[in-house]
Amino acid sequence: MAEGAVPRFWREIPQRYNLIGNQCDSCKKIYFPPRESCPYCRRKSIGKMKELRFSGKGKVVTYSIIHTAPENFEGQAPYPIAIIELEEGPKLTAQIVDCEINDVKIGMKVQSTFRKIQEDGYIGAIHYGYKFKPLEVKK
Ligand SMILES: [Zn+2]
């Protein structure tokens, strides 16, 4: 494994594992991924961004079914990719798992979960990240 790759990988983990964003102390706007400063009140808010850990709960705003998977994702297609609005407000794009593609619905409540995203065959590293699964399991 190349030196230098490990520190970068580990630095990414807190955000990828905990779904952490931040909030501007002045205007209370919430960001994901976290920002260095608030673009709305940049000057006032320098140094006043508070870390915020999201509940991981949200709802599907819109989605599409990916039929042609990018490299490293072959074998997973077709799979749903959704724009999810977190309870706290920010929107993000993520894959929906544990759900039949026909069961994905706009407005569906979802919960973040951490899953293997891809395996890097070259260095043998397994990358994890957030995905979302339905909050209410269909019986
Ligand atoms: Zn602000």
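Counting disulfides, where a disulfide is a pair of cysteine sulfur atoms within 2.5 Å, gives zero for this predicted model. So what do some of the cysteine sulfurs bind? Four of them hold a zinc ion: its protein donors are the SG atoms of Cys-24, Cys-27, Cys-38 and Cys-41, at 2.2 to 2.3 Å. Donors here are N, O and S atoms within 2.8 Å of the metal (3.2 Å for Na, K and Ca), and since water is not among the atoms, sites may look incomplete.

Now look at the arrangement around the zinc ion. The four donor atoms subtend angles of 105 to 116°, so the arrangement is tetrahedral; for four donors, that label asks for all angles between 85 and 135 degrees. Along the sequence, the donor residues follow the spacing C-x2-C-x10-C-x2-C.

Next, see where some cysteines sit. Cys-38 and Cys-41 are both buried, meaning under 20% relative accessible area with a 1.4 Å probe, protein chains only. Cys-38 counts as buried because its relative accessibility is 0%, and Cys-99 is buried because its value is 18%.

How confident is the predictor? Its pLDDT, a confidence for each residue from 0 to 100, averages 79 over the chain, with 70% of the residues scoring at least 70. Among the chain's elements (DSSP runs numbered from the N terminus: helices, H or I, of at least four residues; strands, E, of at least two), strand 4 (residues 57-66) has the highest mean, 95, and helix 1 (residues 5-18) the lowest, 54. Over residues 1-6, pLDDT stays under 50.

Residues are numbered from 1 along each chain as its sequence is written. In this predicted model, local features need pLDDT of at least 70, side-chain atom pairs count only at pLDDT 80 or more, totals for chains, interfaces and linings use all residues, and side-chain values use heavy atoms, leaving out hydrogens and water.

Key
Tetrahedral: all angles 85-135°; square planar, octahedral: opposite > 155°, others 65-115°. Buried < 20%, exposed > 50% of the residue type's maximum accessible area, 1.4 Å probe, protein only. pLDDT = per-residue confidence, 0-100. Contact = heavy atoms within 4.5 Å.
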